[in-house]
Amino acid sequence: MQVNLTLLVVVAALMGAGVYLLLERSLTRVLVGLVLISNGVNVMFLVASGRAGTSPIVGSSDPADMADPLPQALVLTAIVITLGTVAFLLAMAHRSWQLNGNDDVQDDVEDSAIRKLAIDDANSDSYDLSTSGQHEDDPVEEGA
Amino acid sequence: MTALVPLPVLLPLLGAGAALMLSKRPRAQRAITVGVLAAIVVIAAVLLVAADQDGPQVVWLGEWKPIGIALVADRLAALMLLVSAIVTLAVLLYSIGQGMTGDESETPVSIYHPTFMVLVAGVSNAFLAGDLFNLFVSFEMLLFSSYVLLTLGGTAARIRAGTIYVVVNVLSSMLFLVALAAVYAAVGTLNLAQIAQRVDDLPDHVALTLQLLLLVTFCIKAAVFPLSLWLPDSYPTAPAPVTAVFAGLLTKVGVYAIIRLQTLIFPGSPLTDLLLWAALLTMVIGILGAIAQSDIKRMLSFTLVSHIGYMIFGVALATKTGLSGAIFYVAHHITIQTALFLVLGLIERRAGSTALLRLGGLARFAPVLGVLFFIPAMNLAGIPPLSGFLGKVGLLQAGLAEGSWLALVLVAGGTLTSLLTLYAVAKTWALAFWRSPEQAHEMMKLLPGTGDAHTEEDAATPQLVRHRGHVHVGSVAFGERDLAEAKRVADADEPDRDLYQRVMDGSLPDRLPFSMVGPAAGLVLVSIVITFVAGPLFGFTDRAAEDLMERTPYFSSVLGEDTP
């Protein structure tokens, strides 16, 4: 199977830029990243479907010259689904902005709890494992 | 009989449209949605019998025989369809009892019922899909309705949890599309049966790439470690019935897809060892997460992740008994996990919270709830003679029969996970149901920062040990989040008090409505029925597993008799 190099470069560029944006904090940028990735995937579908050809209408040309219409139908479906996703994510970004004044993707609650644990660990000067309680002279850490 | 096959997808979609049009008439809307789901239960039961007696039921939509979309109801698909139909019916009845019908001020339009119908259609379509692209579309259908249900009302907590859920799932969908493009480029078709026949001619590395791409996609959906980290944070924030149906069904659709992939397309693949490792880590790390939780909802979300490991274990063994055990375990787990989350919704309504810190003495105030929680919880832990025990024994026997050292390690890991699950639910039982409310209240008052004239010296009293960011009271450890919670409860105004305070000033809500307890009790009853029919059910899953191993019934019924 022969592959069109230009299209492959386009796919790589779209996906790379998309992944870069996806790692951002702002939900709008994440959204733009997802749009880029999805376009990259759609172009990739066209690459995977083989070479371009004549329009696949019976009688208009020799079947051997026709393009494969099935992947294009699949890409069309994927585009519609992505459109819905983008609309929904936009609404979420807007709602997040309404609620918080920004559209930053916020931390997992447990993640921040664990991070706080680690900070407490670093600040604590006692790793006393005894269950009998702390000694009188041990400093009581300010946690809560 | 084959005319029935598309109905589990078509009926809920039509029902969704009708429900949307009738959003001003809640009673008619409820009648339609309940009617549709009840009809699907009947249809799925008929399909189950038909698939068991006459082999897989196949419909080619529009008669586009080799290139179009096929819907296939074989034994496995029909069983999944029946279980999911029963569970969704129970959840719908429960949410109607809860009054989630649009007159709630949280949602502007009555969108709960239509969205729920689309979710059901997506799940049914995923079970029936005979080609990969149809599977992709059904995943999108159920994911989209899950996005809407998860962020229902658009509160800050739900938007926060929903963002991660949506982004992770959209990304996994993109990966799925990449996999589809690769599969199409490699074999020129997306029909499962045709892929399965052509994939043998591919070079090994190409086949391996395709399998890895699809496997990673499905493992994200099924929440297999290490691709499971999105789940425990997103599920608990949704409304109780929504969490119940998510926890019960959505991850199982991923497991179902993995079963199809591993048995139909890539039997005897080199990736089974990798899957076994993933199953082991899913089980053990999931249950360790569950033990660390102090909120019942989060605890159950972690046990959900953990028990996905059992099913992956059965699939990865790739033996008949292993597959049979996995299928049995999926059917059992859908029922009890949903039942547990429904009961949890009842607890939240009765006691105002699901945080262990605030609960105590529920066995005294709500004995019925106690029974309803106890049975599925023990079932989850695998106490004999309940179905969880039977499923686990089936899987462990399959592991022993396989006999490789890795399978034996997994048998040990599975046993350990089972014991730790027992520990996790027993802890929940002891704290939320068994101890007296006074005890719970006193224990909470012991915590520092609760405002009850506690000084720093009090914080060093013998009952109270601080260690690595946790506060230990007696044998229970509380993290920083619980301390903040305790402070909030202690300083709280009327509505935010703990159970003891609410009992004392008589502000505990009235008895729970039967319309909510009924469906939850019904689902618990179904889980008991599964125990009683375990013999015939295991016979059925054995036959289903045999079909999966042989593959020829699937090929010949999908592609016609002339194929090899």
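**Group meeting talk: a predicted model with chains A and B**

I would like to begin with one residue, B:Arg543, which counts as partly exposed because its relative accessibility is 33%. Please keep in mind throughout that what we are looking at is a predicted model.

What is B:Arg543 paired with? It forms a salt bridge with B:Asp52, and the closest N and O atoms of the two are 2.8 Å apart. B:Asp52 belongs to helix 2 of chain B while B:Arg543 belongs to helix 22, residues 534-550, so this pair ties together parts that lie 491 residues apart in sequence. As a general point for those who are new to this, side chains of opposite charge can pair when their charged atoms come close.

B:Asp52 has a further partner, for B:Arg75 also forms a salt bridge with B:Asp52, with the closest N and O atoms at 2.6 Å. Here the two residues are 23 apart in sequence, B:Arg75 being in helix 3, residues 75-98, and B:Asp52 in helix 2, residues 26-54. Is B:Arg75 buried or exposed? Its relative accessibility is 13%, and therefore it counts as buried.

Let me move to another pair, B:Asp74 and B:Arg260, whose closest N and O atoms are 2.7 Å apart in a salt bridge. B:Asp74 sits in the loop between strand 2 and helix 3 of chain B, whereas B:Arg260 is in helix 10, residues 240-265, and 186 residues separate the two. Both B:Asp74 and B:Arg260 are buried. Returning to the earlier group, salt bridges with shared partners join B:Asp52, B:Arg75, B:Arg543 and B:Asp547 into one network. Over all chains, the structure holds 9 salt bridges.

Now for chain B as a whole, which has 23 helices and 5 strands. Of its 564 residues, 63% are buried, and among contacts between residues at least 6 apart in sequence, 78% join residues at least 24 apart. One element to look at is helix 5, residues 132-150, which has 19 residues and reaches 26 Å from its first C-alpha to its last, close to the expected 27 Å. Helix 5 of chain B is largely enclosed by the rest of the structure, because 17 of its 19 residues are buried.

At the level of a single residue, B:Thr303 in helix 12, residues 296-317, is a useful example. B:Thr303 has a relative accessible area of 0%, so it is buried. Which residues does B:Thr303 touch, leaving aside its neighbours within four places in sequence? The contacts are with B:Ile287, B:Ala290, B:Gln337 and B:Leu380.

Chain A, finally, comes to 4 helices and 0 strands, and 31% of its 144 residues count as buried. On its surface, A:Val3, A:Leu5, A:Leu8 and A:Val9 make a nonpolar patch of about 360 Å², and A:Val9 is found in helix 1, residues 5-22.

How confident is the predictor about chain A? The mean pLDDT is 79, and 80% of the residues reach 70 or more. Among the elements of chain A, helix 1 has the highest mean pLDDT, 92, and helix 4, residues 109-123, the lowest, 70. Over residues 129-144 of chain A, pLDDT stays under 50, although the model has 24 contacts beyond four places in sequence for that stretch. Where pLDDT is low, the predicted coordinates should not be read in detail.

Technical notes. Residues numbered from 1 in each chain as written. Chains lettered and ligands numbered in written order. Heavy atoms only, no water. Buried < 20%, exposed > 50% of the residue type's maximum accessible area, 1.4 Å probe, protein only. Contact = heavy atoms within 4.5 Å. Expected span 1.5 Å × (residues − 1). Patch = residues over 30% accessible without salt bridge, like charges linked within 9 Å, V, L, I, M, F, W, Y side chains within 5 Å. Areas by Shrake-Rupley, 256 points an atom, 1.4 Å probe, with all protein chains shown as cover. Salt bridge = Lys/Arg side-chain N within 4 Å of Asp/Glu carboxyl O. pLDDT = per-residue confidence, 0-100.
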